[in-house]
Amino acid sequence: MEDIPVSSGDVEGLARAALELKADFTLITPTQTLAAGVADYFKSRGLPIIAPTREASRLEWSKGFSKKFMKKYQIPTPYSAICESQEQAQKFADTLPLPVVIKADGMVHGGTGVVIAQDRQRVKNTLEEFFTRNVGPVLVEEFIEGEEVSYTILFDGKNYLPLAESRDYKKLLDGDKGPNTGGMGAYSPVLSSAQHDAIITQIVEPCLAALNSEGIEYTESGECLWTT
């Protein structure tokens, strides 16, 4: 294994590295790299890559886009609203029971852009912070109680292959306390065969059918979150 000093956002640098290494293919997973259009650039250079185009990867880096997509095709997702103003977000948040989940629509530097507000003052402060920072539209969402599972598949546009699922620990501190992080560790396997089947029939297959219906080329490892 070789560590190559290339920034995840340096699309041209990644392409040069792939050429120098004579890589059989490149697998891209960081959201920032997908949003930078790495797949589009690699394909324009004739370089093999496993990654969705920038447009297709909006399902990953735009929470608003993915929410609209799931609602349109009746794919299970928590009740929510995409809000363009602090007033609109506050009004919708007031209709939800505590805790309230607040998410920046796009990527946020230095964090996940997700806050689980346990009280009304925290809701107000978070919305004020997000809109003051101009993070773009804000997703306000009901909180779903349960244990989260990440379920990953490989998809080539027609066929899919499920990989091992995992459950990660998102909280920074012991005892499931502290702010959310990108993950503090994970374990696998997690699901029963019945839960696997439910994810396939309720999320994976409807999602892949919807991608084809929309004409979105998503040839990569797709991931969904399932709350048990």
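**Exercise 1. State how many helices and strands the protein chain has, and judge its compactness from the radius of gyration.**

Solution. The protein chain holds eight helices and 13 strands, where helices (H or I, at least four residues) and strands (E, at least two) are DSSP runs numbered from the N terminus. The radius of gyration of the chain is 19 Å, close to the 17 Å that the globule rule gives for 228 residues, so the chain is as compact as a globular protein of that length; this radius is taken over C-alpha atoms, and the rule is 2.2 Å times the number of residues to the power 0.38. The model is a predicted one, in which local features need pLDDT of at least 70 and side-chain atom pairs count only at pLDDT 80 or more, while totals for chains, interfaces and linings use all residues. Residues are numbered from 1 along each chain as its sequence is written, and side-chain values use heavy atoms, with hydrogens and water left out.

**Exercise 2. Describe how the protein chain is divided into domains, and give the separation of domain 1 and domain 3.**

Solution. Begin with the bounds, which come from an automatic or database domain assignment: domain 1 covers 9-50, domain 2 covers 56-60 + 145-222, and domain 3 covers 78-140. Next, take the centres over C-alpha atoms, which places domain 1 and domain 3 33 Å apart.

**Exercise 3. Locate the cis peptide bonds at Pro99 and Pro189.**

Solution. As background, most residues other than glycine have a negative phi, and most peptide bonds are trans. Leu98 and Pro99 are joined by a cis peptide bond with omega of about -5 degrees, and Pro99 sits in the loop between helix 6 (86-93) and strand 4 (100-104). A cis bond also joins Ser188 and Pro189, with omega of about 5 degrees; Pro189 belongs to the loop between strand 12 (186-187) and helix 8 (193-214).

**Exercise 4. Determine the phi of Lys22 and of Gln74, and decide whether each residue is buried or exposed.**

Solution. Lys22, although not a glycine, has a positive phi of about 55 degrees, and its place is the loop between helix 1 (11-21) and strand 1 (26-27). With a relative accessibility of 72%, Lys22 counts as exposed, given that buried means under 20% relative accessible area, exposed over 50%, and partly exposed in between (1.4 Å probe, protein chains only). Gln74, likewise not a glycine, has a positive phi of about 55 degrees and lies in the loop between helix 5 (63-72) and strand 3 (80-83). The relative accessible area of Gln74 is 72%, so Gln74 is exposed.
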